[in-house]
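Reader: I'd like a close look at the aromatic rings in this one. Could you walk me through how they pair up and where the partners sit?

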Amino acid sequence: MSLIRGLFAIFYHLPRIYKWFFKPYYFLSLLLTLAFPLVRCCTGLCEHLPSQREDGNSCAFDWREIEILMFLSAIVMMKNRRAITLEQHIGNIFLFSKVANVVLFFRVDLRLGLLYLMLCVVFMIACKPPIYMGPEYIKYFSETTIDEELQRDGRVTWIVEFYANWSPECQSFSPIFAELSLRYNCAGLQFGKVDIGQYGAVAERYKVNPSPLSKQLPSLLLLQGGREVMRRPLVDKKGWAIAWSFTEENIIREFNLNEIFQKCKKHSKEAKTEELKTLLQESTDGGEPVPQDVTEEPESKKDK
């Protein structure tokens with residue numbers, strides 16, 4: 001089922017994926033993913049590779065290589081069961097395909113294995129995944145501004161994402177968080193982000209472990225007046241994150257975004273009404289004429 005869902009998502013977003021491969025990161029990832037099949041099937045190269053096939057055909061996969069590729073498919077299907085976005089589906093395919101390529105190249109020739117491994121390391125260092133640059137209503141905090149901003153107005157509810165630029169999970173979550181900020185941002189509900197890879201002291205203060213092994217990135221905290229109301233994912237006594245899916249639906253439900261948003265809109269409307277009444281009272285007390293657009297229509301007009 002996960003394989004069918006993943007394939008459906010890929011075909012549905014095919015025009016979008018097509019544009020991705022104009023970016024160096026995705027184009028080079030695709031080449032590294034297909035490296036071994038290309039070498040094995042490319043005439044002029046495959047003749048120099050050893051093979052365990054009974055017919056001695058070195059330009060076709062032998063039974064062990066097919067076994068490794070089938071195992072790769074099973075791993076990708078298992079990992080993609082928890083994938084949320086299309087980027088995560090594609091990222092899992094790229095990651096585990098590279099691992100399988102390393103094993104396959106080392107099995108064929110030690111020199112080819114070392115060469116491919118070196119190319120993967122250079123790629124990881126020199127080529128980073130594209131950062132989300134779309135529209136958003138998000139305030140980015142630093143180590144010195146986060147506490148002041150969160151405690152400035154106790155009536156404002158903040159949803160803050162603790163992230164790190166090196167984390168693929170955080171990068172995949174960025175479009176989802178941006179979409180939520182565009183939909184729910186208002187005077188009483190605001191969205192923020194802080195890079196705990198850069199501001200480690202913030203991670204300590206808010207008890208978010210930036211280690212990749214803890215699986216706590218990204219972490220979402222709901223704060224009121226600087227105090228934590230809830231967070232996801234939850235953390236057990238050993239400091240390990242309890243698995244939680246960062247889907248848009250889960251966040252809206254768990255953080256009660258619809259309810260908070262409606263309350264904020266109601267309070268905002270009441271505040272505007274009170275402000276209007278105050279202006280009317282001041283105008284009346286000062287003997288100034290009340291603006292026609294904020295008063296009731298004269299009786300003569302109603303009679304007419």
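Author: Let's start with Tyr 184, keeping in mind that this is a predicted model. Tyr 184 has a relative accessibility of 4%, so it counts as buried, because the cut-off for buried is under 20%. Phe 261 comes in at 17%, so it falls on the buried side as well.

Now for a pair you can look up in the model: Phe 36 and Phe 105. Their rings meet edge-to-face, with 5.2 Å from centre to centre and 80 degrees between the planes. Phe 36 belongs to helix H4 (residues 35–41) and Phe 105 to helix H6 (residues 86–108), so this pair ties together parts that are 69 residues apart in sequence. Both Phe 36 and Phe 105 are buried.

Back to Tyr 184 and Phe 261, which also make an aromatic pair: it is edge-to-face, at 5.7 Å centre to centre, with 90 degrees between the planes. Here, too, distant parts of the chain get linked, since Tyr 184 is in helix H9 (residues 168–184) and Phe 261 is in helix H12 (residues 257–285), 77 residues apart.

Those two pairs aren't the whole story, as the structure holds 12 aromatic pairs. There is also a group to pick out: Phe 173, Phe 177, Phe 191, Trp 244 and Phe 246 form one aromatic cluster.

One last stop, this time with a charge involved. Find the ring of Tyr 163, and you'll see the charged end of Lys 193 sitting over it, 4.7 Å from the ring's centre.

Note on methods
Residues are numbered from 1 along each chain as its sequence is written. This is a predicted model: local features need pLDDT of at least 70, side-chain atom pairs count only at pLDDT 80 or more; totals for chains, interfaces and linings use all residues. Side-chain values use heavy atoms; hydrogens and water are left out. Rings of Phe, Tyr and Trp (its six-membered ring) pair if their centres lie within 6.5 Å; planes under 30 degrees apart count as stacked, over 60 as edge-to-face and the rest as tilted. Helices (H or I, at least four residues) and strands (E, at least two) are DSSP runs, numbered from the N terminus. Buried means under 20% relative accessible area, exposed over 50%, partly exposed in between (1.4 Å probe, protein chains only). A charge sits over a ring if NZ of Lys or CZ of Arg is within 6 Å of the ring centre and within 35 degrees of the ring normal.
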